[in-house]
Each structure stands twice: as structure tokens, then as C-alpha cells.
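Biologist: Could you take a close look at the sheet in this model for me? I'd like to hear how the strands are arranged, what packs on them, and which charged pairs sit around them.

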Amino acid sequence: MRILVTGAASGIGRATCLRLARDGRACGQAAQIAAVDLGPSVGLEGLVEDLRGQGAEALALHGDMGSVDAPARVVGEAVTRFGGLDGLVSNAGINRPGPLSAYSVDDWDRVFAVNTRATWLLARAAHQALTRARGAIVVVASMSGSHPHANLGAYGPSKAAVIMLMRVLAQELGPDGIRVNALSPGMTRTGMTDRIYADRRVAAARDALIPLGASPPPTTWPTSSRSCSGPTRDTSTDTTSSSTEA
């Protein structure tokens, strides 16, 4: 199981890496995980230690997913290190909230570069490796990509675009044996949402919308109960419970 995960140092990305490591271990296989984040950090270093503690081979990679060249570079580094790639999780995302009537072009372009364009560049770079492995791509979208939320700037439009990008990639890459799926999480307690949940009234209102009564951090999400018949076929699809397009 050779997987690259972007936005890996915290939140959903971190939880995904740990989940993959646990599933690999449960299947008697040492997962090989390329954990990508913007730069060196305590969070990324801690993740690498935790992954190794789960028996995984962890490779920390640094790159700005909003740049033109970093997505292809980190894919190349992971393929070189692992000898191939079975899965890609495009998770890195940013938000620069604000009303569209006063929004800057720079903010719009930056949000789209990270939240949308990076997925295309990663998929393009990983195409050959994933074809050889008959692998999978998982795109982390958002409920904001299908439900409008005011004053979030380009965030909602960028997530709507990445959902459509996922659908097109699924059609184009399907004949090569590559599955492309997306999940659209609701409000999740991560570093990006800490300030929102600091307001107890807002937190209570959002928690009231959830049948389980609260928005859990991604570290509490359940692990896989599927069989270990194949690391790519089972583990990658398990992370895509919300929206399956291929």
C-alpha cells in the first residue's frame, strides 16, 4: 500500500494517514505513506513518528500545493522512494473568508490554486504510476461545494469545482483502471475551524444539526471493518464514504 496524502500534518489529512497505517497493519502489511505538507513543522514530524509507531514507512515531503510545480515534484519523490503509487489523497485546502463583493483577485486565485488546481496537477503527475497499480484517487471536497454558505469567499466555488473535476477525472481515468472518488465532510473540528467552534453558541447550533449530537474531530472517525483482500481496493475506498463517482 503506497499512498500519498497532501495536507497531512493536521486535521483530516493526519487522521487519514493514521487510518491508512492502522489498516495496513491490520492486514499484515506495512503501509508506505508519503505525508505532504507546506513545510517542516512539529505536526508533520509528530505524524511521521506516529506512523512509524504503527509500523508504516513514512516519508515527509514539503510542497506548496498552490504552486505550479510542487504537486508533480512530490508525486515524483514518492514514486521514486516507494517504487510506485497505489493511491493519492488530495486533501490540502485553505479558506480565505469574506464577502464576494469585496473579495480580492489574489485571494480568489490562491484558494482555487490550492483547493482545485492542485488536484488536477497531482492526478496528472500520478497518472502513469496509478495506471500501473490500477490505483485510486480520493479528493477531499466539502459540503460547501454543494450547499451555499455566504461570506466564505472562494471556498465554496472552489469545492464545487473540485467535485466536478473529480467526476471528469473518474470518466477519463476509469478506462486506465483508476478509480476517482470524493468525500464532502461537514463541519469538522480541525485547525481551520477552531475559531468558529470557540464561539459556544455557534458550536451548539452546528452540533444540533448532527444526528449524533456533536461534530467529532477526525481522529475519532471509525476504522475500516472491511477485509484485507487488497490494500488499494479496500483501504482507499473506505475513506470515500460520502460521494462515489467511479
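Modeller: Sure, and one term before we start: two strands count as paired if DSSP finds at least two bridges between them. Keep in mind that this is a predicted model.

With that in hand, here's the sheet. It is an open one, built from 6 strands in the order E3-E2-E1-E4-E5-E6, and the pairing is parallel. At the edges you'll find strand E3 (57-62) and strand E6 (179-183), each pairing on one side only. On average, neighbouring strands are turned by 15° against each other, if you ignore direction.

Now zoom in on one pair. Strand E1, residues 2-6, runs parallel to strand E2, residues 32-37, and 5 bridges join the two. To put your finger on one spot, take Leu 4: its bridge partner in E2 is Ala 34.

Next, the helices that pack on this sheet. Helix H1 (residues 11-26) touches E1, E2 and strand E4 (87-90), and its direction makes about 165° with that of E1. Helix H4 (residues 105-133) also packs on the sheet, touching E1, E4 and strand E5 (136-140), with about 165° between its direction and that of E4.

As for charged pairs, the structure holds 7 salt bridges. Let me walk you through some of them.

Start with H1 again: Arg 14 forms a salt bridge with Asp 50, and their closest N and O atoms are 2.4 Å apart. Arg 14 belongs to helix H1 and Asp 50 to helix H2 (residues 42-53), so this pair ties together parts that are 36 residues apart in sequence. Asp 50 is partly exposed, at 33% relative accessibility.

Then go to edge strand E3. Glu 57 forms a salt bridge with Arg 81, at 3.0 Å between the closest N and O atoms. Since Glu 57 lies in strand E3 and Arg 81 in helix H3 (residues 70-82), the pair links parts that are 24 residues apart in sequence. Glu 57 is partly exposed at 28% relative accessibility, and Arg 81 is partly exposed too, with a relative accessible area of 42%.

Finally, back to H4. Asp 107 pairs with Arg 96 in a salt bridge, the closest N and O atoms being 2.9 Å apart. Here Asp 107 sits in helix H4 and Arg 96 in the loop between E4 and H4, so the two tie together parts that are 11 residues apart in sequence. Asp 107 has a relative accessible area of 23%, which makes it partly exposed, and Arg 96 is partly exposed at 34%.

Conventions
Residues are numbered from 1 along each chain as its sequence is written. This is a predicted model: local features need pLDDT of at least 70, side-chain atom pairs count only at pLDDT 80 or more; totals for chains, interfaces and linings use all residues. Side-chain values use heavy atoms; hydrogens and water are left out. Helices (H or I, at least four residues) and strands (E, at least two) are DSSP runs, numbered from the N terminus. Axes are lines fitted to C-alpha atoms, for helices over the stretch in contact, and angles run from 0 to 180 degrees between N-to-C directions. Contact means heavy atoms within 4.5 Å. A salt bridge is a side-chain nitrogen of Lys or Arg within 4 Å of a carboxyl oxygen of Asp or Glu. Buried means under 20% relative accessible area, exposed over 50%, partly exposed in between (1.4 Å probe, protein chains only).
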